[in-house]
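Student: Could you go through this one with me? I'd like to begin with a single side chain and work outwards from there.

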Amino acid sequence: WTGLWTAGILLVCSLFSASTLVKYLTRFTDEIFSVLISAIFVVEAVSDVGRTFSSPTATFAQALLTLVCASVTYMLTTTLKKFRNSDYFSSRIRNTVAN
């Protein structure tokens with residue numbers, strides 16, 4: 001049913017040239033949707049880590065490993081993002097590593 005609804009909505013949008021309304025969207029609107037998507041990802045990640053601790057089938061070692069992996073991933077990404085503004089290597093290499 002979801003596919004049929006999506007097809008119907010897209011058909012109506014294409015018949016009335018709804019794509020011309022995109023010019024009225026601002027950068028603020030784009031940022032709001034980006035924040036929403038980011039918040040959804042963060043909430044899902046935190047709930048998955050929390051669910052590991054409350055799961056009756058998971059051992060303490062599994063829960064701790066999940067927490068360590070999540071923490072290391074976060075620290076690694078923030079460190080690589082800061083690498084873009086450092087003085088090491090050329091700007092092209094720094095941007096490649098940071099991305």
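Student: Okay, Arg 51: how exposed does it count as?

Tutor: Keeping in mind that this is a predicted model, Arg 51 has a relative accessibility of 48%, so it counts as partly exposed, given that exposed requires over 50%.

Student: And which residue does Arg 51 meet in a salt bridge?

Tutor: Its partner is Asp 48, with 2.8 Å from N to O; the two residues both belong to helix 2 and sit 3 residues apart, about one turn of the helix. Asp 48 is itself partly exposed, at a relative accessible area of 37%.

Student: How many salt bridges does the structure hold?

Tutor: The structure holds 2, and one of them links Glu 31 with Arg 27, where the closest N and O atoms are 3.7 Å apart. Because Glu 31 and Arg 27 are 4 residues apart in helix 2, about one helical turn separates them.

Student: Are Glu 31 and Arg 27 buried or exposed?

Tutor: Arg 27 counts as exposed, at 64% relative accessibility, whereas Glu 31 is partly exposed, with a relative accessible area of 36%.

Student: Switching topic, what is odd about the phi of Ser 17?

Tutor: Ser 17 has a positive phi of about 50 degrees although it is not a glycine. Ser 17 follows helix 1 and lies in the loop that leads from helix 1 to helix 2, the latter covering residues 27-54. At 41% relative accessibility, Ser 17 counts as partly exposed.

Student: And helix 1, what length does it reach?

Tutor: Helix 1 runs over residues 2-15, which makes 14 residues, and reaches 20 Å from its first C-alpha to its last, close to the 20 Å expected at 1.5 Å a residue.

Student: Zooming out, what pattern does the whole chain follow?

Tutor: Along the sequence the pattern is α-α-α-α, with 4 helices and 0 strands in the protein chain. The radius of gyration is 21 Å, well over the 13 Å that the globule rule gives for 99 residues, so the chain is more spread out than a compact globule. Along its principal axes, the C-alpha trace spans about 55 × 50 × 20 Å.

Student: What share of the residues counts as buried, then?

Tutor: Of the 99 residues, 7% count as buried. The accessible surface of the chain comes to about 8800 Å², and 71% of that surface belongs to carbon and sulfur atoms. Val 46, in helix 2, is one of the exposed residues, with a relative accessible area of 56%.

How values were computed
Residues are numbered from 1 along each chain as its sequence is written. This is a predicted model: local features need pLDDT of at least 70, side-chain atom pairs count only at pLDDT 80 or more; totals for chains, interfaces and linings use all residues. Side-chain values use heavy atoms; hydrogens and water are left out. The expected span of a helix is 1.5 Å times one less than its number of residues. The radius of gyration is taken over C-alpha atoms; the globule rule is 2.2 Å times the number of residues to the power 0.38. Buried means under 20% relative accessible area, exposed over 50%, partly exposed in between (1.4 Å probe, protein chains only). Accessible areas come from the Shrake-Rupley method with a 1.4 Å probe; for residues, only the protein chains shown count as cover. A salt bridge is a side-chain nitrogen of Lys or Arg within 4 Å of a carboxyl oxygen of Asp or Glu.
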